[in-house]
Amino acid sequence: MNSHVSHVSFLCIFVFLLSGSALWAYGDKHPEKKKIQKHHWAAPPEESKRTNPVFLSDDSVLRGQTLYLENCTGCHGRNADGRGTDGKDMTPRPSNLRAMAGHHSDGDMAWKIKKGKGPMPGWEDILSEEEIWDLVNFIQTLKENN
Ligand code: HEC
């Protein structure tokens, strides 16, 4: 009886170690995946593919900038680098939006702004659809200053 029990526990430990090392090896072979998962969450693919219905005009970027300064600087910082004063002790820290510019689709950003996650508020009940796309237009222009 005793030896049967120790066989079972040995097997459990073996399976545990095996799955642990498999996960470790996976993370190690995909360092870029590890990094992205840590800092970004994924919008549903059909949302990421949505094109921005608001033309990228100077007016739209200016409206986006005004909205950004009113609503987002506290956490994401004046330079949109994620270093706002209110975001200091947040887990996770507010994202560096400047670094995302040009690397994430308009649809991806718009969906995340609408829905929020954790300390990031959802804005769909506060801002209009058009205002959210203005914000996306503004954030995407920060790419040139990288
Ligand atoms: C109260 C603090 C706070 C405010 C205000 C805020 N954010 Fe965020 N935001 C966060 C945090 C924290 C995250 C990271 C959430 C996560 O990864 O779980 C985030 C994530 C994001 C992301 C997703 C980035 C990614 O990593 O994929 C976008 C886009 C974004 N914010 C845009 C905005 C915009 C635009 C505004 C203003 C309308 C805004 N945020 C206001 C805290 C805030």
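**View 1. Polar contacts hold our attention here, beginning with S95 and the ligand.** In this predicted model, a side-chain N or O atom of S95 lies 2.9 Å from an oxygen atom of the ligand. K112 also reaches a ligand oxygen, with a polar side-chain atom 2.8 Å away. On the nitrogen side, H76 has a side-chain N or O atom 2.8 Å from a nitrogen atom of the ligand.

**View 2. Here is the shell of residues around the ligand.** Count 22 residues surrounding the ligand, and you will find H40, C72, C75, H76 and M120 to be the closest of them. Several helices take part: helix 5, helix 6 (residues 97-100) and helix 7 each contribute at least two residues to this shell.

**View 3. Zooming in on the iron atom of the ligand, we meet H76 and M120.** Which atoms of these two residues coordinate the iron? They are NE2 of H76 and SD of M120, at 2.0 to 2.1 Å. The iron site has six donor atoms, and the angles among them run from 88 to 179°, giving an octahedral arrangement. For comparison, ideal angles for six octahedral donors are 90 or 180 degrees.

**View 4. The two iron-coordinating residues come from distant parts of the chain.** H76 belongs to helix 5 (residues 73-76), while M120 sits in the loop between helix 7 (106-115) and helix 8. That places the two residues 44 positions apart in the chain. Are they buried or exposed? H76 counts as buried because its relative accessibility is 10%, under the 20% cut-off. M120, at 23%, counts as partly exposed.

**View 5. K112 appears again, this time with W41.** The charged end of K112 sits over the ring of W41, at 5.4 Å from the ring centre. Keep the ligand in the frame as well, since K112 is also the residue with a polar side-chain atom 2.8 Å from a ligand oxygen.

**View 6. Finally, take a look at the one aromatic pair in the structure.** The partners are Y68 and F138, whose ring centres are 5.5 Å apart. Their planes meet at 45°, so the pair is tilted, since angles from 30 to 60 degrees fall between stacked and edge-to-face. Like the iron-coordinating residues, Y68 and F138 link distant parts of the chain: Y68 lies in helix 4 (residues 58-71) and F138 in helix 8 (residues 129-141), 70 residues apart. Y68 is buried, with a relative accessible area of 1%, and F138 is buried too, at 8%.

Technical notes: Residues numbered from 1 in each chain as written. Predicted model: local features only at pLDDT ≥ 70, side-chain atom pairs only at ≥ 80, totals over all residues. Heavy atoms only, no water. Phe/Tyr/Trp six-rings, centres within 6.5 Å; stacked < 30°, edge-to-face > 60°. Helix = DSSP H or I, 4+ residues; strand = E, 2+ residues; numbered from the N terminus. Buried < 20%, exposed > 50% of the residue type's maximum accessible area, 1.4 Å probe, protein only. Lys NZ or Arg CZ within 6 Å of the ring centre and 35° of its normal. Donors = N, O, S within 2.8 Å, 3.2 Å for Na, K, Ca; no water. Tetrahedral: all angles 85-135°; square planar, octahedral: opposite > 155°, others 65-115°. Near = heavy atom within 4 Å. Polar contact = N/O pair within 3.5 Å; in protein donor to acceptor, adjacent residues only side chain to side chain.
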